[in-house]
Amino acid sequence: MARILVQQENFNLSEELDLLRAGRTDMGAFVTFTGTVRDMDGSLNSMTLEHYPGMTEAELARIAAKAETRWPLAGCTIIHRYGTLMPGDNIVLVITASAHRKAAFEAAEFLMDFLKSQAPFWKKEDTGGETKWVDAKDSDTSALDRWR
Amino acid sequence: MSGEAYELPDEINTVAGLLSHLVSRGENFATVFKDTKMVRVAVNQLHARPDHPISNSDEIAFFPPVTGG
């Protein structure tokens, strides 16, 4: 069972890793991914993330369950924030744990690829007083092809 | 997000049928729902394809391609 959280508050990578590891000695590999608000040219004031409450949590759980059937995962955490975030703020955390590194690396990439194209979140950027919904990238959809 | 309770016309029983029906509801609807490539659909909080069956008790959501992560 994965730990799935959709929240406004920040998360703490170190605490989440400790929580996943607590009392377990059968895990030999942990992969963590942190996604943050990027400001390429200094023009971004903030980014606001909306989501589809109810479906978001369910979809993340379905994506995690898919990963758990493909790789022998000993643990998995997905935390995704919503609300208004500032440049540099954390957006998403994925942690995968397994006995060996290959499964943990692959599962973390799989989770992020599916999250980016399936989890119902939408980003709106505020740059210099103008707000604009972020366009989806075709490359995010085609990233799923490698897992078919 | 915004929503409404909507009684499906008798002949509408798939996601695709509902999408083409919504186009006929007015100019705003037509603008949004005509470009079907930009419209994603979930039925009862599960991603659904155009041929997915629907009925009056379903929660049907329309949204643009997602941009989280």
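In this predicted model, strands 7 and 8 of chain A run antiparallel and are joined by 4 bridges, with strand 8 covering residues 130-133. The two strands make a hairpin with just 2 residues between them, and Gly128(A), sitting in that turn, has a positive phi of about 55°. Across this pairing, Glu125(A) stands opposite Lys132(A) of strand 8.

Strand 7 of chain A also pairs with strand 3 of chain A, again antiparallel, through 7 bridges. Here Glu125(A), in strand 7, turns up once more, this time opposite Met47(A).

Now for the contact with chain B. Chain A puts in 24 residues and chain B 14 residues. Together the two chains bury about 1600 Å², and carbon and sulfur atoms account for 59% of that area. On the chain A side, Tyr52(A), Met55(A) and Trp122(A) lose the most area to chain B, together making up 39% of what that side buries.

As for polar links, 11 residue pairs are in polar contact between chain A and chain B, counting pairs with both residues at pLDDT 80 or more, while the salt bridge count is 0. Several elements of chain A share the job of touching chain B: strand 3 (44-51), helix 2 (55-70), strand 6 (90-98), helix 3 (101-118) and strand 7 (121-127) each supply at least two residues. Helix 3 of chain A gives the most, with 5 residues. Sorted by class, the side of chain A that touches chain B comes out at 13 nonpolar, 5 polar and 6 charged residues.

Terms used: Residues are numbered from 1 along each chain as its sequence is written. Chains are lettered from A and ligands numbered from 1 in the order in which they are written. This is a predicted model: local features need pLDDT of at least 70, side-chain atom pairs count only at pLDDT 80 or more; totals for chains, interfaces and linings use all residues. Side-chain values use heavy atoms; hydrogens and water are left out. Contact means heavy atoms within 4.5 Å. Buried area is the accessible area (1.4 Å probe) that two parts lose on being put together, summed over both. A salt bridge is a side-chain nitrogen of Lys or Arg within 4 Å of a carboxyl oxygen of Asp or Glu. A polar contact is a pair of N or O atoms within 3.5 Å; within protein, one must be able to donate a hydrogen and the other to accept it, and residues adjacent in sequence count only if both atoms are side-chain atoms. Ala, Val, Leu, Ile, Met, Phe, Trp, Tyr, Cys and Pro count as nonpolar, Asp, Glu, Lys and Arg as charged, and the others, Gly among them, as polar. Two strands pair if DSSP finds at least two bridges between them.
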